[in-house]
Amino acid sequence: MDITFKDVSYIYQANTPFEHRALSGVSFHIPSGSFVAVIGHTGSGKSTLLQHLNGLLRPTEGKVMIGDYQISAAEKTKDIKSLREKVGVVFQYPEHQLFEETVAKDIGFGPLNFNVEPKEIERRTGQAIKAVGLPEDLLQRSPFDLSGGQMRRVAIAGVLAMNPEVLVLDEPTAGLDPSGQREIMDMFSRQHKNNNLTTVLVTHSMEDALRYADHIIIMKDGEKYMEGAPLEVLVNKEELQRVQLDLPEVIQFLHQAEKQFGKAIPYRKQGIAQLAKELTAVVKGGESHG
Ligand SMILES: Nc1ncnc2c1ncn2[C@@H]1O[C@H](COP(=O)(O)OP(=O)(O)OP(=O)(O)O)[C@@H](O)[C@H]1O
């Protein structure tokens, strides 16, 4: 589904002494099928922005459009329940929301709420647990007997079992070990491609933004600071430093190599082995030319 923000502002606790403007005049368009990373310093408004995507928050000013749904302060959104069926949100630390007696019931909770038939719930539950890389024999266990990483996967499986068209991910790998982080992000990337999803990821990892996203939105103090293709936005050291963000490590490395060997190696998301080859060629080229 296409996602459009038109001059969206959001004020927490408006008209109280605690009023806080978390978003100011934010506009962007995400075409259906995109994988977008939203990055920005702590408090820049990323989570607030995400919560507009399934109508959990309504803009104080402006308008959010998701497919045919419109969310604004002025009008009531038609059929918000069906919007929530289509937009799956993985909140930060989603395992804190597990509560059922069995893993199967937790994964099937969302579809059950949307009146999906029991046979279909069973089918989706089986599919979702496999998708997150857990064995089916965990289905009858209590989610509270599992490890933290397994609980995270169960919570994610619950979102996948809704068969969403839009996947909204708020730092979904926070607190996992590095191999778990990579597995989960690769799984989201597969889901995105195989199910033709529109994915919006909030992350503090510049590496993940570079590796997985095809479009980047950078937030600063509640405003959109920059947006564009990863290889335009994430290579701009000065602009990133202004919002206290670092270049992704691979870009830092290539900048350093350029300083050292006097020749730039353009980054095109080539893998480590290919980069090593290109770097070797630069080093050897340097040697052979004296
Ligand atoms: N319920 C709330 N009431 C008042 N202010 C809030 C509320 N939730 C968030 N804020 C404020 O709104 C601003 C934006 O918060 P938000 O959580 O969207 O930022 P963020 O970029 O997601 O931060 P982080 O990276 O730390 O998760 C912050 O200044 C925050 O303190």
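In what sense do strand 7 and strand 8 pair, and over how many bridges? Keep that in mind while you get oriented; the tour comes back to it at the second sheet. One thing to know before clicking around: this is a predicted model.

**Start with the annotated span.** Select residues 3–246, which an unreviewed UniProt entry lists as "domain: ABC transporter". Put a distance label between the C-alpha atoms at the two ends of residues 3–246 and you'll get 28 Å. Colour by secondary structure, and the span comes out as 34% helix and 26% strand.

**Next, the ligand.** Show the residues around it as sticks: Tyr12, Gln13, His20, Ala22, Gly40, Thr42, Gly43, Ser44, Gly45, Lys46, Ser47 and Thr48. Two elements give two or more residues to this shell, namely strand 2 (20–30) and helix 1 (46–50). Helix 1 provides the largest share, with three residues. Now recolour the shell by residue type: nine polar residues, two nonpolar and one charged.

**Now the four-stranded sheet.** Strand 2 also takes you here. Pick out the open sheet whose strands run in the order 2-1-4-5, with antiparallel pairing. Look at its edges: strand 2 and strand 5 (69–72) each have a single partner strand, so one side of each is left without a neighbour in the sheet. Look along the sheet to see the twist, which averages 20° from one strand to the next.

Zoom in on the middle of the order. Strand 1 (residues 3–12) pairs with strand 4 in the antiparallel sense, over five bridges. Select Thr4 and you'll find Met65 of strand 4 standing opposite. Stay on Met65 and look towards strand 5, where its bridge partner is Gln70. Step back to Val64, and the bridge partner in strand 5 is Ile71. These belong to the antiparallel pairing of strand 4 (residues 61–66) with strand 5, which runs over four bridges.

Which residue takes a positive phi in the hairpin of strand 4 and strand 5? Select Gly67: its phi is near 55°, in a hairpin with two residues between the strands.

**On to the six-stranded sheet.** This one is also open, with the order 6-7-8-3-9-10, and its pairing is mixed. Strand 6 (87–90) and strand 10 (223–228) are the edge strands, each pairing on one side only. Neighbouring strands here are turned by 15° against each other on average, direction ignored.

Here's the answer to the opening question: strand 7 (residues 166–170) and strand 8 (residues 198–202) pair in the parallel sense, over five bridges. To find a spot in that pairing, click Val166, whose bridge partner in strand 8 is Thr198.

**Last stop: a helix pair.** Hide the sheets and select helix 3 (residues 103–113) together with helix 4 (residues 118–131). They pack at an angle of about 125°, and their axes are 9 Å apart. That angle makes helix 3 oblique to helix 4. Turn the view until one helix lies in front of the other: helix 3 passes helix 4 in a right-handed crossing.

How values were computed
Residues are numbered from 1 along each chain as its sequence is written. This is a predicted model: local features need pLDDT of at least 70, side-chain atom pairs count only at pLDDT 80 or more; totals for chains, interfaces and linings use all residues. UniProt positions are given in the numbering used here, feature names are shortened, and annotations may be inferred rather than shown by experiment. A residue is near a molecule or strand if its C-beta atom, placed from the backbone, lies within 6 Å of it. Ala, Val, Leu, Ile, Met, Phe, Trp, Tyr, Cys and Pro count as nonpolar, Asp, Glu, Lys and Arg as charged, and the others, Gly among them, as polar. Two strands pair if DSSP finds at least two bridges between them. Axes are lines fitted to C-alpha atoms, for helices over the stretch in contact, and angles run from 0 to 180 degrees between N-to-C directions. Angles under 35 degrees count as roughly parallel, over 145 as roughly antiparallel, 65 to 115 as roughly perpendicular and the rest as oblique. A crossing is left-handed if the near helix is turned anticlockwise from the far one by less than a right angle, and right-handed if clockwise.
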